[in-house]
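Student: I would like to learn how to read the packing and strand features of a protein model. Could we work through one example?

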Amino acid sequence: MPLVLAEGAIIQCSHGGQCNLAPGNTAVTVSGKGVLTTGAEAPFTFGSAAAPVPGMITPCTAMTPSGTPQPCATTPALPDGLAKKLVVGGKPVLLATAHGVTASGTGPGTWQITDPGQTLLEAI
């Protein structure tokens, strides 16, 4: 079973941009961190070196053809990245398998989770 995402989970775009996801829903916590439900991952725009965003670890390097930074923006997670049985506040929780499509200055890309933010709670 995949791990449930918790506040502080790391999302990464196909251009290397990384950010921590927050806030979590504290109705369910893992090691004091709220779990992340659908909607925490999108809409979300990664930061660039020129325009960092809260939680940014590494900037997205996507640029328009003219060389202007245009970081990736996410779409919602595909269904296989959502829990089928664990719902918090009426929303499915996000899983470590969450991934999706992005749009940026270079065209379509992808995003994925590189760290779920916790190692205790799994779900299906």
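Tutor: We will take the sheet, the cores, the aromatic rings, the cysteines and two polar side chains in turn. Keep in mind that this is a predicted model.

Student: Let us begin with the sheet. In what order do the strands of the open sheet come, and is the pairing parallel or antiparallel?

Tutor: Strands of a sheet pair through backbone hydrogen bonds, either parallel or antiparallel. In this model, 6 strands form an open sheet with antiparallel pairing, and the order is β5-β2-β1-β10-β9-β6.

Student: Which are the edge strands?

Tutor: They are β5 (56-58) and β6 (73-74), each of which pairs on one side only. At the β5 end, β2 (residues 18-20) runs antiparallel to β5 and is joined to it by 2 bridges. Within that pairing, Cys19 has Met56 of β5 as its bridge partner.

Student: Next, the nonpolar core. How many residues does the largest one have?

Tutor: In soluble globular proteins, nonpolar side chains tend to be buried together. Here the largest nonpolar core has 19 residues, and those with the most contacts inside it are Ile11, Leu36, Phe46, Leu94 and Ile113. Two or more residues of this core come from each of β1 (10-13) and β10 (107-115). A second, separate core has 8 residues, including Val4, Val30, Val35 and Leu95.

Student: What surrounds Phe46, leaving aside its neighbours within four places in sequence?

Tutor: Its contacts include Ile11, Val53, Pro71 and Thr74, together with the cysteines Cys13, Cys19, Cys60 and Cys72. Phe46 counts as buried, at 1% relative accessibility.

Student: How many aromatic pairs does a search of the whole structure find?

Tutor: A pair of aromatic rings is described by the distance of the centres and the angle of the planes. The search finds 1 pair. It is formed by Phe44 and Phe46: the ring centres are 5.3 Å apart and the planes stand at 85°, so the pair is edge-to-face. Phe44 is also buried, with a relative accessible area of 15%.

Student: Several cysteines have come up. How many disulfides are there?

Tutor: A disulfide is a covalent bond between the sulfur atoms of two cysteines. The count here is 0. For Cys19, the nearest cysteine sulfur belongs to Cys13 and is 8.2 Å away. For Cys72, the nearest is that of Cys60, at 3.8 Å. The cut-off is 2.5 Å, so a sulfur at that distance does not qualify. Cys19 is buried at 0% relative accessibility, and Cys72 is buried at 0% as well.

Student: Now a polar residue. Is Thr74 buried or exposed?

Tutor: Thr74 is buried, with a relative accessible area of 8%. It lies in strand β6. A polar atom of the Thr74 side chain is 2.5 Å from the backbone oxygen of Glu41. Not counting residues up to four places away in sequence, Thr74 touches Phe44, Phe46, Val101 and Trp111, among others.

Student: And where does Gln118 lie?

Tutor: Gln118 lies in the segment after β10. With a relative accessible area of 6%, Gln118 is buried. A polar atom of its side chain is 2.6 Å from the backbone nitrogen of Leu120. Beyond its neighbours within four places in sequence, Gln118 is in contact with Leu3, Val4, Ala6 and Val30. Val4 and Val30 were named earlier as residues of the second core.

Key. Residues are numbered from 1 along each chain as its sequence is written. This is a predicted model: local features need pLDDT of at least 70, side-chain atom pairs count only at pLDDT 80 or more; totals for chains, interfaces and linings use all residues. Side-chain values use heavy atoms; hydrogens and water are left out. A nonpolar core is a set of buried Ala, Val, Leu, Ile, Met, Phe, Trp, Tyr and Cys residues joined through side-chain atoms within 4.5 Å. Buried means under 20% relative accessible area, exposed over 50%, partly exposed in between (1.4 Å probe, protein chains only). Helices (H or I, at least four residues) and strands (E, at least two) are DSSP runs, numbered from the N terminus. Contact means heavy atoms within 4.5 Å. A polar contact is a pair of N or O atoms within 3.5 Å; within protein, one must be able to donate a hydrogen and the other to accept it, and residues adjacent in sequence count only if both atoms are side-chain atoms. Two strands pair if DSSP finds at least two bridges between them. Rings of Phe, Tyr and Trp (its six-membered ring) pair if their centres lie within 6.5 Å; planes under 30 degrees apart count as stacked, over 60 as edge-to-face and the rest as tilted.
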